[in-house]
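Please walk me through this structure, beginning with its interior and then turning to the charged side chains that pair with one another.

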Amino acid sequence: MPNPFVLRDRPPREDLQLARDVVAGGVSLSVLDDLLDAGFTAAELGDLVINPRTLRHRRARGEALAMEEAERAIRLGRILATADAVLGSRTNAWAWLREPNLALDRARPVDLLKSEIGARAVEETLVRLEHGLFA
């Protein structure tokens with residue numbers, strides 16, 4: 001399966017395969033372990049991706065993430081990869097994601113990742129930062 005945490009310079013064919021995997025329900029729960037290793041907390045994953053009780057049941061049954069959960073997990077990885085690239089380090093990315101941001105009406109970017117609309121606002125803010133625009 002393509003790595004959902006690689007954002008830049010990824011061939012369109014890999015994105016297409018990732019989309020097929022998501023639709024087919026083929027995204028493993030191990031992607032959540034990858035997100036934990038990348039710095040998300042268990043509480044953040046519970047809030048942003050999958051309810052902890054549901055996760056326990058899925059692990060016990062050996063099931064994959066549902067399509068919506070897989071999309072949310074991939075969204076987190078995509079945003080973290082973008083923040084890391086734009087801000088120069090994982091440490092800087094986490095500091096930025098967890099601090100209130102004026103450009104986002106003082107919301108913490110990580111809290112906006114609950115929805116696709118919020119995630120797009122975070123991504124747009126990162127693009128503005130990357131291009132030297134006020135963000």
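What follows describes a predicted model, taking the nonpolar core before the salt bridges.

The largest nonpolar core has 30 residues, and the members that touch the most others within it are Leu32, Phe40, Val49, Leu65, Leu76, Leu97 and Leu113. Two or more residues of this core come from each of the helices α2 (30-38), α3 (42-48), α5 (67-87), α6 (90-98) and α8 (116-130). Among these contributors, α5 gives the most, with seven residues. Leu97 can serve as an example of how one such member is surrounded: once residues up to four places away in sequence are set aside, Leu97 touches Ile79, Leu80 and Ala83, and also Arg108, Pro109 and Val110.

From the core, the reader can turn to the charged pairs, for a search of the whole structure finds eleven salt bridges. In one of them the side chains of Asp33 and Arg59 meet, with a distance of 3.2 Å from N to O. This pair links distant parts of the chain, since Asp33 lies in helix α2 and Arg59 in helix α4 (residues 52-61), 26 residues apart. Asp33 has a relative accessible area of 31% and is therefore partly exposed, and Arg59, at 39% relative accessibility, also counts as partly exposed.

A second link of this kind is formed by Asp47 and Lys114, whose side chains meet in a salt bridge at 3.2 Å, again taken from N to O. Here, too, distant parts of the chain are brought together: Asp47 belongs to helix α3, while Lys114 sits in the loop between α7 (109-112) and α8, and the two residues are 67 residues apart. Asp47 is partly exposed because its relative accessibility is 46%, and Lys114 is placed in that class by a value of 45%.

What is the setting of Arg58, buried or exposed? Arg58 forms a salt bridge with Glu63, their side chains meeting at 3.3 Å from N to O. Because buried means under 20% relative accessible area, Arg58 counts as buried with its value of 15%, whereas Glu63, at 33% relative accessibility, is partly exposed. Salt bridges can also share partners, and in this model such sharing joins Arg75, Arg78, Glu116, Arg120 and Glu123 into one network.

Taken together, the description runs from a largest nonpolar core of 30 residues, to which α5 gives the most, to a set of eleven salt bridges found across the whole structure.

Technical notes
Residues are numbered from 1 along each chain as its sequence is written. This is a predicted model: local features need pLDDT of at least 70, side-chain atom pairs count only at pLDDT 80 or more; totals for chains, interfaces and linings use all residues. Side-chain values use heavy atoms; hydrogens and water are left out. A nonpolar core is a set of buried Ala, Val, Leu, Ile, Met, Phe, Trp, Tyr and Cys residues joined through side-chain atoms within 4.5 Å. Buried means under 20% relative accessible area, exposed over 50%, partly exposed in between (1.4 Å probe, protein chains only). Helices (H or I, at least four residues) and strands (E, at least two) are DSSP runs, numbered from the N terminus. Contact means heavy atoms within 4.5 Å. A salt bridge is a side-chain nitrogen of Lys or Arg within 4 Å of a carboxyl oxygen of Asp or Glu.
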